[in-house]
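Work through these short exercises with the model open. Try each task before you read its solution.

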Amino acid sequence: MKVAKFGGSSLASSDQVRKVVNIIKDDPARRYIVVSAPGKRHSDDIKVTDLLISLHDKLIAGKDPSRLIEAIYNRYEEIGQAFHVDAHILTAIREDLEKLRMLETKGNEHLYDIILSRGEDNNARLIAGVLKAEGLKARYISPKEIGMYVTDEPKNARILNKAYPIIHKWAKNPDILVIPGFFGITEEGNICTFSRGGSDITGAIIAAGMNAELYENFTDVNGIYSAHPGIIHEPELIKEISYREMRELAYAGFSVFHDEALIPSFQAKIPVVIKNTNNPTHPGTQIVHEKHKHEKTVVGIASDGGFSMIYISKYLMNREVGFTLRVLQILKDFDIKYEHMPSGIDDISIILRANQLTEETEEELLRKIAYEIDPDELRIKHNITMVVVVGEGMREKVGVTAESTAALARKKINIEMINQGSSEVSIMFGIQDKDEKAAIRSLYYTFFD
């Protein structure tokens with residue numbers, strides 16, 4: 001029994017949905033289908049999720065959303081009519097979208113989640129109707145019915161442990177169940193969406209709850225590449241990668257998977273395969289709990305921009321008990337999360353997401369650090385990109401850090417920060433944004449032919 005998740009690009013049009021239908025028909029083990037909202041049909045198109053965001057903004061502004069409702073409905077209608085789905089399904093989708101006009105906008109902390117969830121929910125109803133029209137025994141099932149209970153955290157929900165045994169009760173269901181991704185239901189009955197990449201999270205939760213043989217994640221690429229194809233011409237395709245390696249790469253900017261999406265499958269030790277809807281016979285990339293052999297020292301190189309770095313230096317810092325705690329407390333007071341904190345004897349660097357800082361916040365933060373810590377040197381750098389070299393094989397080879405720094409030096413790229421975890425699975429370099437592409441290319445051609 002398999003769980004298959006289809007992304008927005010796989011469900012963008014009737015032609016794409018035809019491919020999905022054939023994939024489901026091709027393997028009777030694909031009995032649990034998780035769907036995203038329809039994505040872009042072409043490069044200049046707009047995803048249904050983005051249309052719903054615009055609809056949300058119009059409602060907040062008190063403007064008429066009629067044109068957006070019609071545009072969203074037309075996306076579902078095109079697919080539904082192509083497969084001659086039951087007319088009642090399209091009528092129900094239109095009514096569901098029209099109801100959004102009536103939502104209370106003031107003081108409704110779940111408004112954004114409710115509106116955006118309509119993309120996946122209505123698509124699940126539609127795809128279930130398509131499968132039935134194609135002669136398959138399929139039906140839509142809501143997150144509430146299947147037991148997708150989540151924390152009451154709008155835009156950032158987490159699955160509750162009580163959900164898994166409820167989900168598992170559906171494991172012997174004979175029908176194909178079509179499940180909307182991206183959101184769950186709180187114990188109070190409110191809709192809450194997962195963070196970015198939410199449909200991937202739903203797929204992983206369903207796979208874990210069902211104790212599936214395999215979680216197939218269908219997208220528009222043949223698998224996971226060892227570097228970004230937009231930077232490296234025809235990078236190597238990764239055939240097999242461990243959860244730990246994939247999480248490191250996903251965190252560092254690989255857009256195939258949101259880094260949190262893997263956790264439910266990882267905890268249940270369920271293998272994941274990334275496959276291409278447009279090329280379903282390709283084996284794709286297998287994500288496994290543990291690799292038995294490491295054919296390559298480095299499996300991938302990733303990068304992510306939008307960081308800032310606060311540098312604090314104070315003589316004999318290492319002798320001050322609670323020094324780091326005081327710094328962290330200041331960050332907490334400003335509700336700022338940090339990503340990395342490499343340190344020396346007399347200095348410490350704090351890497352954080354730059355979008356947490358406004359000019360005013362930055363000035364107040366530095367002033368408070370200067371007052372409470374009294375450092376010898378305090379400065380902040382912006383436009384930092386984090387470049388990560390990942391591979392469990394690095395534990396078995398000496399000199400990977402030396403090769404990496406030499407690769408950056410050849411391109412005269414200054415390293416602002418180096419950080420390597422104790423697991424030795426990744427090495428992270430902080431560099432200036434302007435050097436990102438040159439760094440990726442130099443590192444890639446150092447470790448890959």
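Helices (H or I, at least four residues) and strands (E, at least two) are DSSP runs, numbered from the N terminus. The model is predicted: local features need pLDDT of at least 70, side-chain atom pairs count only at pLDDT 80 or more, and totals for chains, interfaces and linings use all residues. Residues are numbered from 1 along each chain as its sequence is written, and side-chain values use heavy atoms, with hydrogens and water left out.

**Exercise 1. Place Ser-242 and find its contacts.**

Which strand holds Ser-242? Start there. Ser-242 is found in strand S10, residues 240–242. Next, check its accessibility. The relative accessible area is 0%, so Ser-242 is buried (buried means under 20% relative accessible area, exposed over 50%, partly exposed in between; 1.4 Å probe, protein chains only). Last, list the contacts (heavy atoms within 4.5 Å). Leaving aside neighbours within four places in sequence, Ser-242 touches Ile-287, Val-288, Lys-291 and Glu-392.

**Exercise 2. Do the same for Gln-16.**

Find the helix first. Gln-16 lies in H1, which covers residues 14–26. Is Gln-16 buried or exposed? Its relative accessibility is 14%, so Gln-16 counts as buried. Now look for partners beyond four places in sequence. They are Ser-9, Ser-10, Leu-11 and Asn-278. Finish with a distance. Gln-16 and Ile-427 are 411 residues apart along the chain, and their C-alpha atoms are separated by 39 Å.

**Exercise 3. Describe how H2 packs against H3.**

Step one is the geometry. The axes of H2 (residues 48–60) and H3 come within 9 Å and cross at roughly 160°. Axes are lines fitted to C-alpha atoms, for helices over the stretch in contact, and angles run from 0 to 180 degrees between N-to-C directions. Step two is the direction. H2 and H3 are therefore roughly antiparallel to each other (angles over 145 degrees; under 35 is roughly parallel, 65 to 115 roughly perpendicular, the rest oblique). Step three is the hand. The crossing of H2 and H3 is left-handed: the near helix is turned anticlockwise from the far one by less than a right angle, while clockwise gives right-handed. Step four is the residues. Val-48, Leu-51, Leu-52, Ser-54, Leu-55 and Lys-58 in H2 meet Leu-68, Ile-69, Ile-72, Arg-75 and Tyr-76 in H3. This contact of H2 with H3 holds 8 nonpolar, 1 polar and 2 charged residues. Here Ala, Val, Leu, Ile, Met, Phe, Trp, Tyr, Cys and Pro count as nonpolar, Asp, Glu, Lys and Arg as charged, and the others, Gly among them, as polar.

**Exercise 4. Repeat the steps for H3 and H4.**

H3 spans residues 66–82 and H4 spans 87–98; their axes come within 10 Å and cross at roughly 165°. That makes H3 roughly antiparallel to H4. The crossing is right-handed. On the H3 side, the contact residues include Ile-69, Ile-72 and Tyr-76. On the H4 side, Leu-90 and Ile-93 are among them. The contact of H3 with H4 divides into 7 nonpolar, 2 polar and 4 charged residues.

**Exercise 5. Inspect two positive phi values.**

Take Leu-316 first. Its phi is near 60°, positive in a residue other than glycine. Leu-316 sits in the loop between strand S13 (300–313) and helix H11 (323–333). With a relative accessible area of 32%, Leu-316 is partly exposed. Then turn to Asn-383. Its phi is about 60°, and Asn-383 is not a glycine either. Asn-383 belongs to strand S16, residues 377–390.
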